[in-house]
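User: I'm new to reading protein models and would like a close look at one part of this one. Could you walk me through it in a friendly way?

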2 protein chains.
Amino acid sequence: MSLTVVGSVAFDALETPFGKREKVLGGAATHFGLSASFFTEVNAVGVVGGDFGEAEWDVFRRHHINTDDIEVVADGKTFFWSGRYDYDMNTAHTLDTQLNVFETFDPKLSERSRNAKLLFLANILPSLQLQVRQQCGNAGFVAMDTMNFWISSMKDAVIDTIKAVDCVIINDAEARQLTDEPNIHKAARALMDLGLRAVVIKRGEYGATLFTKNGYFAAPAYPLESVFDPTGAGDTFAGGFMGYLASHDSITDDVLRRACIYGSVMASFNVERFGTERVDALDYSEINQRFRDFKSMTHFDDIPFERVRAV
Amino acid sequence: MSLTVVGSVAFDALETPFGKREKVLGGAATHFGLSASFFTEVNAVGVVGGDFGEAEWDVFRRHHINTDDIEVVADGKTFFWSGRYDYDMNTAHTLDTQLNVFETFDPKLSERSRNAKLLFLANILPSLQLQVRQQCGNAGFVAMDTMNFWISSMKDAVIDTIKAVDCVIINDAEARQLTDEPNIHKAARALMDLGLRAVVIKRGEYGATLFTKNGYFAAPAYPLESVFDPTGAGDTFAGGFMGYLASHDSITDDVLRRACIYGSVMASFNVERFGTERVDALDYSEINQRFRDFKSMTHFDDIPFERVRAV
């Protein structure tokens with residue numbers, strides 16, 4: 001099934017303890033799209049400036065991502081974000097944000113993008129997310145991300161958008177903030193009560209957890225001895241998750257579980273190099289090997305304890 | 001196989017957002033022993049004062065724990081700890097510590113305790129741990145805990161003790177502090193390099209991870225909507241882990257994995273009530289049901305992704 005993503009396409013300047021890049025391809029729709037492209041056909045909806053060059057388009061082309069709905073504002077500049085990470089890779093320190101053409105982003109969906117069976121609303125203004133969702137009447141499974149900025153400044157709009165989708169994929173701090181509930185399991189239940197089919201809570205180095213109506217699934221993170229650059233890990237997770245779902249005709253709890261693992265697999269690759277470098281160069285044998293690694297690191301035999309203590 | 005534990009037996013005063021207890025049975029050897037007693041025969045080695053009463057001994061008796069090596073100092077008082085937890089249940093705020101008879105604790109092991117096949121050295125002075133370990137020549141699998149206080153004040157002694165055991169069971173902060181290594185996977189590898197067979201790192205609400213020579217296993221925590229009292233959770237984990245190992249003739253990686261799950265099962269019960277209340281009242285059907293719950297919340301089918309993208 002086809003999959004549409006709406007979100008940012010950007011240039012990032014990145015600085016980590018392991019090195020520095022002045023200008024690499026980034027943005028939520030980029031990371032998501034690349035990751036999802038290994039599993040399904042992807043339509044990307046976004047906006048870039050005249051500075052977006054052939055090298056960047058080539059990355060999308062290589063992954064057969066439909067970029068017809070990435071608008072080019074020839075006299076504008078592409079969204080630019082600059083950030084630094086210290087050894088605690090969980091927190092990005094923003095050095096500079098230049099919204100540029102993204103400031104007035106007005107997603108325009110072609111019929112092809114509107115007719116996708118799955119839709120991912122990356123982190124943009126909640127009312128824009130809702131407007132896009134309403135245009136995609138054929139989408140049978142819609143997921144969204146959001147961020148602390150929207151939750152603190154317009155929580156009602158975020159909630160309205162959540163009520164119109166099937167799944168939220170957010171991090172634990174966002175889940176707590178959205179529900180005013182410190183316990184993550186209660187927070188997930190409160191979100192489910194808004195009418196969702198699934199809630200995925202990303203917990204960084206601790207993995208991801210999936211909540212469905214009758215199920216709970218805990219996926220660990222891949223045990224990495226060094227995280228090179230975490231930028232885009234969350235969107236790469238969502239891309240693997242949604243892309244894998246899109247490769248199935250029906251979305252059961254079992255499929256959602258494996259989607260969580262494929263999301264974790266893709267995110268674990270993303271952080272091994274700067275920007276999109278690692279995912280751009282991935283092949284299927286690497287992806288499936290890491291999927292099997294996840295299986296082996298979570299597997300145990302279901303042998304109940306039989307001893308009856310002498311009383 | 002029989003199992004000996006050396007550690008504190010105490011009275012605790014506890015205050016959590018959910019209630020208060022002035023004086024409940026506690027201590028590492030107590031929590032460990034109760035938990036392990038569901039799986040094997042346990043010898044507890046410790047010291048108490050004349051204030052330790054029949055109600056306390058009854059708890060040990062009910063669980064068929066051999067208390068011959070719990071010394072009674074008739075004119076002394078039992079170790080007393082008082083602590084408070086806020087809504088962030090990960091951090092205990094110590095209000096009062098009265099070591100009492102525990103201050104001069106000099107473990108005296110009977111032949112029965114010395115001949116146990118498994119030994120757990122709960123958190124006591126590292127040199128005492130080492131001395132006990134050396135008395136137990138028949139112990140084929142020895143595990144230990146420690147704490148930040150010993151690591152910062154006598155790291156060399158902690159390392160010497162680690163070199164004499166097979167397994168450490170510690171929390172993530174302690175693993176980082178011991179090895180000066182912020183990455184938990186590198187920290188575990190550095191500990192393994194001291195000659196260990198297994199390292200178990202407890203991560204509170206994020207579960208526990210097991211490192212062996214050739215294996216890595218991630219066990220999630222049980223999804224609890226409220227943690228009532230986390231006191232003793234780590235020792236209860238260790239008790240389930242070591243108790244389960246003691247119920248096996250040979251300790252393979254598969255057995256270690258299931259031991260991690262049984263440890264997590266027991267710890268998840270421990271935090272549901274104050275002190276030992278919940279584990280004291282447990283039955284096997286509850287334990288095995290929760291073991292199956294862990295299986296179902298981590299299971300996914302090992303189906304590799306088959307689609308080959310048209311190029």
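Let's start with one spot in the sheet: which residue in β5(A) is the bridge partner of A:G46?

Analyst: Happy to help! Keep in mind that this is a predicted model. The partner you are after is A:I70, which sits in β5(A) and bridges to A:G46. To see where this pair belongs, look at the two strands around it. β4(A), residues 42-49, pairs with β5(A) in the parallel sense, and the pairing runs over six bridges.

Now step back to the sheet that holds them. Nine strands of chain A form an open sheet, in the order β5-β4-β1-β8-β9-β10-β11-β12-β13, and the pairing is mixed. At the edges are β5 (66-73) and β13 of chain A, each of which pairs on one side only. So which way does the sheet turn as you walk across? I can give you its amount: from one strand to the next, the twist averages 15°.

Next, follow the sheet toward β13(A). Helix α10(A) lies across β11, β12 (208-212) and β13 of chain A, and its direction is at about 160° to β12(A). Both α10 (253-270) and β13 (216-219) of chain A also help to form the side that touches chain B, as do α8 and α12 (284-298), with at least two residues from each. Altogether, 38 residues of chain A are in contact with 38 residues of chain B. On the chain A side, α12(A) gives the most, with eight residues. Sorted by class, that side has 20 nonpolar, seven polar and eleven charged residues.

Another strand of the sheet, β10 (167-171), leads us to a helix. Together with α5 (148-153), α6 (155-162), α8 (184-192) and β11 (198-202) of chain A, β10 is among the elements covering the buried residues of α7(A). Those buried residues, in a helix that spans 172-179, are A:E174, A:A175, A:L178 and A:T179. Seen down the axis of α7(A), they fall within an arc of 115°, so they line one face of the helix. After α7(A) comes A:D180, with a positive phi near 55°.

Finally, here is the chain as a whole. Chain A has twelve helices and 13 strands, and 52% of its 311 residues count as buried. Its C-alpha trace spans about 85 × 40 × 35 Å along the principal axes. The radius of gyration is 19 Å, which agrees with the value near 19 Å for a compact globule of 311 residues.

Key: Residues are numbered from 1 along each chain as its sequence is written. Chains are lettered from A and ligands numbered from 1 in the order in which they are written. This is a predicted model: local features need pLDDT of at least 70, side-chain atom pairs count only at pLDDT 80 or more; totals for chains, interfaces and linings use all residues. A residue is buried if 20 or more other C-beta atoms lie within 10 Å of its own, exposed if 12 or fewer, and partly exposed in between; C-beta atoms are placed from the backbone. Helices (H or I, at least four residues) and strands (E, at least two) are DSSP runs, numbered from the N terminus. The arc is that of the directions from the helix axis to the C-beta atoms. Two residues are in contact if their C-beta atoms, placed from the backbone, lie within 7 Å. Ala, Val, Leu, Ile, Met, Phe, Trp, Tyr, Cys and Pro count as nonpolar, Asp, Glu, Lys and Arg as charged, and the others, Gly among them, as polar. Two strands pair if DSSP finds at least two bridges between them. Axes are lines fitted to C-alpha atoms, for helices over the stretch in contact, and angles run from 0 to 180 degrees between N-to-C directions. The radius of gyration is taken over C-alpha atoms; the globule rule is 2.2 Å times the number of residues to the power 0.38.
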